[in-house]
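Reader: I would like to go through this model with you and ask how each label was earned. Shall we look at it together?

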Amino acid sequence: DEYEHNTYAAGGPGTVFTVQYCWIGNLLCESQNLKSRSATNIIRYNWIEGGPNDQLDLVDEAGNQPSASYVYGNVIIKHTTNENNRMILWGQDNGNSQEATLYFYNNTVINHDPGGYYFQTNDTGRSLNVKNNIFYNDSGCYGFGYLGSRTAGSNNWFSSCTDTSGLGLSKSLIGSNPMFVNPFLSPTPDFHLQGGSPCIAIVNGFVPPPGYPLDEQYVPQLNYSPRSL
């Protein structure tokens, strides 16, 4: 069923939906891994993996003006494209354009699908701020997404053929190997960085949005620990 999501939240004006320290895995249907219609989403320190549709589907609630949302410190993994070839929808499905910004920082984003894009918005009021992330693709070329001038950010690492043209991104690196400790470890890969990883060098003076510090980290599975900055 396309309407039976792994996690689904909705609320009225001012609703804050927080997801943290969770392991969200494969679905048995064709739906979203995590879907929210809340005014503010705080999605931090999680492992979100699998499913044939979006890993994150952050859309509007009718009559509910969205605020900024924050996605940080997560591992987000896509395996296949059965329903669509995007990973994250930041937009609307009620036909109303609404101003809001998604702050997306310090995430490790892994794509095993041969083609598609990381982000999509279908709302001209939505903006995206992207900093200090790793976007790794091991199955061919993958696009960043369709946000154009509404995208800003810096200090990201991208796999070699990721298309970031026309975006407001700066001080980022393009490469082939981010030097994970063991991305093939079974059943749980280790996406920590080896010493000498080029991803370490791109982090430079990052300051998180006020009130949303990066002070913890997810520990597979279903645990967390303080983060050493």
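Author: Gladly, and let us begin with a hairpin: E23 and E24 have three residues between them, and Leu222 takes a positive phi near 65° there. Please keep in mind that this is a predicted model, where local features need pLDDT of at least 70, side-chain atom pairs count only at pLDDT 80 or more, and totals for chains, interfaces and linings use all residues. Residues are numbered from 1 along each chain as its sequence is written, and side-chain values use heavy atoms, with hydrogens and water left out.

Reader: What makes strand E23 and strand E24 a pair?

Author: Two strands pair if DSSP finds at least two bridges between them. Strand E23 (residues 216-219) and strand E24 (residues 223-226) are joined by four bridges, so they meet that rule, and they run antiparallel. Glu216, for instance, has Pro226 in E24 as its bridge partner.

Reader: How many helices and strands does the chain have, and what counts as one?

Author: The chain has one helix and 24 strands. Both are DSSP runs numbered from the N terminus: helices are H or I with at least four residues, and strands are E with at least two.

Reader: Which strands stand at the edges of the sheet that contains E2 and E5, and why are they called edges?

Author: The order in that open sheet of seven strands is E2-E5-E8-E11-E14-E17-E19, with parallel pairing. Strand E2 (16-20) and strand E19 (168-170) each have a single partner strand, so one side of each is left without a neighbour in the sheet. The twist averages 10° from one strand to the next, taking axes as lines fitted to C-alpha atoms and angles from 0 to 180 degrees between N-to-C directions. E2 and strand E5 (residues 40-44) pair in the parallel sense over five bridges, and Val19 has Ile43 in E5 as its bridge partner.

Reader: What is the order of the open sheet that contains E3 and E20?

Author: Its seven strands follow the order E3-E6-E9-E12-E15-E18-E20, and the pairing is parallel. Strand E3 (23-24) and strand E20 (173-175) are its edge strands, each pairing on one side only. Within this sheet, two bridges join strand E15 (residues 134-137) to strand E18 (residues 157-159), so the rule of at least two is met. Phe135 has Phe158 in E18 as its bridge partner.

Reader: How do you know that strand E10 is mostly covered?

Author: Five of the five residues in strand E10 (residues 86-90) are buried, where buried means under 20% relative accessible area, exposed over 50%, and partly exposed in between (1.4 Å probe, protein chains only). E10 also runs parallel to strand E7 (residues 56-58), with three bridges, and to strand E13 (residues 117-120), again with three bridges. Leu89 is the bridge partner of Asp57, and Gln120 in E13 is the bridge partner of Leu89.

Reader: Why is Cys22 called partly exposed, and is Cys199 buried or exposed?

Author: The relative accessibility of Cys22 is 28%, which lies between the two cut-offs, so Cys22 counts as partly exposed. Cys199 has a relative accessible area of 4%, under the 20% limit, and is therefore buried.

Reader: How many disulfides are there, and by what rule?

Author: The count is zero, with a disulfide being a pair of cysteine sulfur atoms within 2.5 Å.

Reader: What share of the chain is buried?

Author: Buried residues make up 51% of the 229 residues.
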